[in-house]
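Reader: I should be grateful for a close look at one buried position in this model and at its surroundings. Please then set that position against the protein as a whole.

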Amino acid sequence: MDITLVVPVRDERATVAVLVASIEGQSRPPEAVVFVDGGSVDGTPGLLRDACSAHPTWRVVEAGAATPGVGRNVGFEAAETEWVALTDAGIRLDAHWLGRLARLTESEPDLDVVYGHYEPAVNGPFSELAALAYVAAPDRTDCGPVRSHSIASTLIRRDVWRRAGGFPDLRAAEDLLFMRQVDQMGARAAVAPEARVMWQLQDGFRSTFRRFRVYSRVNAEVGEQRNWHHGIARMYLLAIALAALPVPRRYRAALGVAAGLARAERGIWARREGRGAAWALNPVRVLGVSVVLLVVDAATFAGWTDAVLGRRRAN
């Protein structure tokens, strides 16, 4: 069973060293690696070429100003193996990640796709708050705790990619749309929860806002508002209705603050993963998560507005 690892990158000078080291440290290494650069201007391709010089089956493909969707498609086109593993820049692979994905396909030869697990890389106070604010809580399954499928931890047959029509040419949401298409095709899928990758989160409020604004805009452009934007909008419409209640202003303000803190606490509790009540109820942690959620909400509305204005200009 030969596997090609495909990784789209763009302006990842700060993260590629960790990614490359984790690929080199795989207990079951890929037979080939294809890095697809989508127009980096920070020297990323040079760093990757240096890494590839030590590995004859690794290479860099420069795809111009390519979106992640196009980058993945270029990588699949370049792959010469039946199986393709997918991950992203900003990721650190567990040493046994690829081996555990491959082991499942070897034990179940009729599989078309295997999804691994992902964890947020918590390496400081802000990343802890960010993980509690917006990283999905794992579901408890017979196989162990598993988060929703991530394209950054996937092993898939190249033919399935072809039959699914490839990835959409999008800056975001291309992975969700592709995985949905694979599911609708009836592809035979399984989950390997022990095949883990570590996801590097944004490192501050400004970068978080920028990233989620892009996510929000693209999701709105492709009609995914029902799965994200509408829920946020309903929550704020309810807050506006509560603000109109005929009670003194200080009580309305207190009610709004209490609702925001309760929302943060609910998310923390769902993600506490065995930690005690004292940890989950820490007021500093609850307040910090509330602020991160407000930043994500602001980015959601900003990106949604960008999408609406973009459509109007196009018309």
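Author: The account below begins with Ala-192, turns to its surroundings, and then widens to the rest of the chain.

The model is a predicted one, and local features are described only where pLDDT is at least 70. Ala-192 is placed in strand β10, which covers residues 189–200. Its relative accessibility is 1%, and Ala-192 therefore counts as buried, the limit being under 20%.

The contacts of Ala-192, apart from neighbours within four places in sequence, fall in two stretches of the chain. One group consists of Arg-100, Leu-101 and Leu-104; helix α4 spans residues 97–107. The other group is Val-114, Tyr-115, Gly-116 and His-117. For Val-114, the separation from Ala-192 is 78 residues in sequence, yet the two C-alpha atoms are 6.8 Å apart in space.

Val-114 also leads to a second buried position, Thr-105. This residue lies in helix α4 and has a relative accessible area of 6%, so it too is classed as buried. Beyond four places in sequence, Thr-105 is in contact with Val-114, and also with Met-1, Trp-83, Leu-111 and Leu-155. Val-114 thus appears in the contact lists of both Ala-192 and Thr-105.

Tyr-115, a contact of Ala-192, belongs to one of the nonpolar cores. The largest nonpolar core holds 53 residues, and the members touching the most others are Ile-23, Phe-35, Trp-97, Tyr-134 and Val-289. Helix α5, residues 125–134, is the greatest contributor to this core and supplies seven residues. Separate from it is a second core of 20 residues, which includes Tyr-115 together with Val-84, Ile-156 and Ala-187. In soluble globular proteins, nonpolar side chains tend to be buried together.

Val-289 shows how the largest core is joined across the sequence. Residues up to four places away aside, Val-289 touches Leu-129, Leu-132 and Ala-133, as well as Ala-264 and Ile-268. Helix α5 covers residues 125–134, and helix α10 covers residues 249–270.

Another buried alanine offers a comparison in a loop. Ala-66 is found between β3 (58–62) and α3 (68–78), and with 7% relative accessibility it counts as buried. Its contacts outside the four-place window are Gly-38, Gly-71 and Arg-171. From the C-alpha atom of Ala-66 to that of Pro-120 the separation is 26 Å, with their positions 54 residues apart along the chain.

Partly exposed positions complete the picture. Arg-213 lies in helix α8, residues 205–221, and its relative accessible area of 33% makes it partly exposed. Beyond four places in sequence, Arg-213 is in contact with Ala-299, Ala-302, Gly-303 and Asp-306. Arg-213 and Val-296 are 83 residues apart in sequence, and their C-alpha atoms are 8.1 Å apart.

Two loop residues deserve attention for their backbone angles. Asp-11 has a positive phi of about 50°, although it is not a glycine. This residue lies in the loop between β1 (3–9) and α1 (16–24), and at 34% relative accessibility it is partly exposed. Glu-273 likewise has a positive phi of about 50° without being a glycine. Its loop joins α10 (249–270) and α11 (277–280), and with a relative accessible area of 41% Glu-273 is also partly exposed.

These local details belong to a protein with 12 helices and 10 strands. The radius of gyration is 21 Å, close to the 20 Å given by the globule rule for 315 residues, so the protein is as compact as a globular protein of that length. Along the principal axes, the C-alpha trace spans about 70 × 55 × 40 Å. Buried residues account for 48% of the 315 residues. Of the contacts between residues at least 6 apart in sequence, 80% join residues at least 24 apart; the pairing of Ala-192 with Val-114, 78 residues apart, is one of this kind.

As for the surface, its accessible area comes to about 15,700 Å², of which 56% belongs to carbon and sulfur atoms. The protein carries 38 positive and 35 negative charges, and the mean positions of the two sets are 10 Å apart.

Methods: Residues numbered from 1 in each chain as written. Heavy atoms only, no water. Core = buried A, V, L, I, M, F, W, Y, C linked by side-chain atoms within 4.5 Å. Buried < 20%, exposed > 50% of the residue type's maximum accessible area, 1.4 Å probe, protein only. Helix = DSSP H or I, 4+ residues; strand = E, 2+ residues; numbered from the N terminus. Contact = heavy atoms within 4.5 Å. Rg over C-alpha atoms; globule rule 2.2 N^0.38 Å. Areas by Shrake-Rupley, 256 points an atom, 1.4 Å probe, with all protein chains shown as cover. Lys, Arg positive; Asp, Glu negative; His and termini not counted. Charge placed at Lys NZ, Arg CZ, Asp CG, Glu CD.
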